[in-house]
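Work through the exercises below with the sequence and the model open. Each task is followed by a solution in steps.

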Amino acid sequence: MAKLLVALALLPAAAAFVGPTQTAAPATKVAETKADLESLAKSLNPAVGFWDPLNVAESRAVGETSEKTIAWYRQAEIKHGR
């Protein structure tokens, strides 16, 4: 009986030596164009839809396309926690 209790006591500790399983990261769709932003806005908030009073989606960084500018804004929002 004592050997059984010792074996049962050591069983959960053995799980600590097993490495974590690899899980695949979920696939995310990245909005790159103004049309992607409009469709995403309508699906996330149908009451408001796409609202861009400062026309940020059409703005371009120096010599860049609007897709690269949108990607830059998205990365800045992620970086600054918005």
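The exercises that follow concern a predicted model.

**Exercise 1. Overall make-up**

Task: State how many helices and strands the chain has, and what share of its residues count as buried.

Solution:
- Assigning the secondary structure gives three helices and zero strands.
- Read from the N terminus, the order of elements is α-α-α.
- The chain has 82 residues, and 9% of them count as buried.
- About 7,300 Å² of the chain is exposed, with carbon and sulfur atoms supplying 64% of that area.
- Of the contacts between residues at least 6 apart in sequence, 37% join residues at least 24 apart.

**Exercise 2. The two sides of helix H3**

Task: Determine which residues of H3 are buried and how they are arranged about the helix axis.

Solution:
- Helix H3 covers residues 66–79. Its 14 residues reach 20 Å from the first C-alpha to the last, close to the 20 Å expected at 1.5 Å a residue.
- The buried residues in H3 are Ser-66, Thr-69 and Ile-70. Viewed down the axis, the buried residues of H3 fall within an arc of 100°, so they line one face of the helix.
- The other side of H3 carries the exposed residues Lys-68, Trp-72, Ile-78 and Lys-79.
- The cover over the buried residues of H3 includes helix H2, residues 34–44.
- After H3 comes Gly-81, with a positive phi near 75°.

**Exercise 3. Two buried residues compared**

Task: For Ser-66 and Thr-69, explain why each counts as buried, and list the contacts beyond four places in sequence.

Solution:
- The cut-off for buried is under 20% relative accessible area.
- Ser-66 has 13% relative accessibility and therefore counts as buried.
- Thr-69 is buried because its relative accessible area is 3%.
- Beyond its sequence neighbours, Ser-66 touches Glu-32, Ala-57, Ser-59 and Arg-60.
- On the same basis, Thr-69 is in contact with Ser-59, Arg-60, Ala-61 and Glu-64.
- Ser-59 and Arg-60 thus appear in both lists.

**Exercise 4. Salt bridges**

Task: Locate the salt bridges of the structure and say which residues they join into one network.

Solution:
- Side chains of opposite charge can pair when their charged atoms come close. The structure holds two salt bridges.
- One is between the side chains of Glu-38 and Lys-34, at 4.0 Å from N to O. These residues are four apart in helix H2, so about one helical turn separates them.
- Lys-34 also forms a salt bridge with Glu-58, where the closest N and O atoms are 3.3 Å apart. This pair links distant parts of the chain, as Lys-34 is in helix H2 and Glu-58 is in the loop between H2 and H3, 24 residues apart.
- Through shared partners, the salt bridges join Lys-34, Glu-38 and Glu-58 into one network.
- Relative accessibility is 28% for Lys-34, 29% for Glu-38 and 37% for Glu-58. Lys-34 is partly exposed, as are Glu-38 and Glu-58.

**Exercise 5. A surface patch**

Task: Which residues form a nonpolar patch on the surface, and is Met-1 buried or exposed?

Solution:
- The patch consists of Met-1, Leu-4, Leu-5 and Leu-8, which together have about 470 Å² of accessible area.
- Met-1 lies in the segment before helix H1, which spans 2–14.
- With 76% relative accessibility, Met-1 counts as exposed, because the cut-off is over 50%.

Conventions:
Residues numbered from 1 in each chain as written. Predicted model: local features only at pLDDT ≥ 70, side-chain atom pairs only at ≥ 80, totals over all residues. Heavy atoms only, no water. Helix = DSSP H or I, 4+ residues; strand = E, 2+ residues; numbered from the N terminus. Buried < 20%, exposed > 50% of the residue type's maximum accessible area, 1.4 Å probe, protein only. Contact = heavy atoms within 4.5 Å. Patch = residues over 30% accessible without salt bridge, like charges linked within 9 Å, V, L, I, M, F, W, Y side chains within 5 Å. Areas by Shrake-Rupley, 256 points an atom, 1.4 Å probe, with all protein chains shown as cover. Expected span 1.5 Å × (residues − 1). Arc of directions from axis to C-beta.
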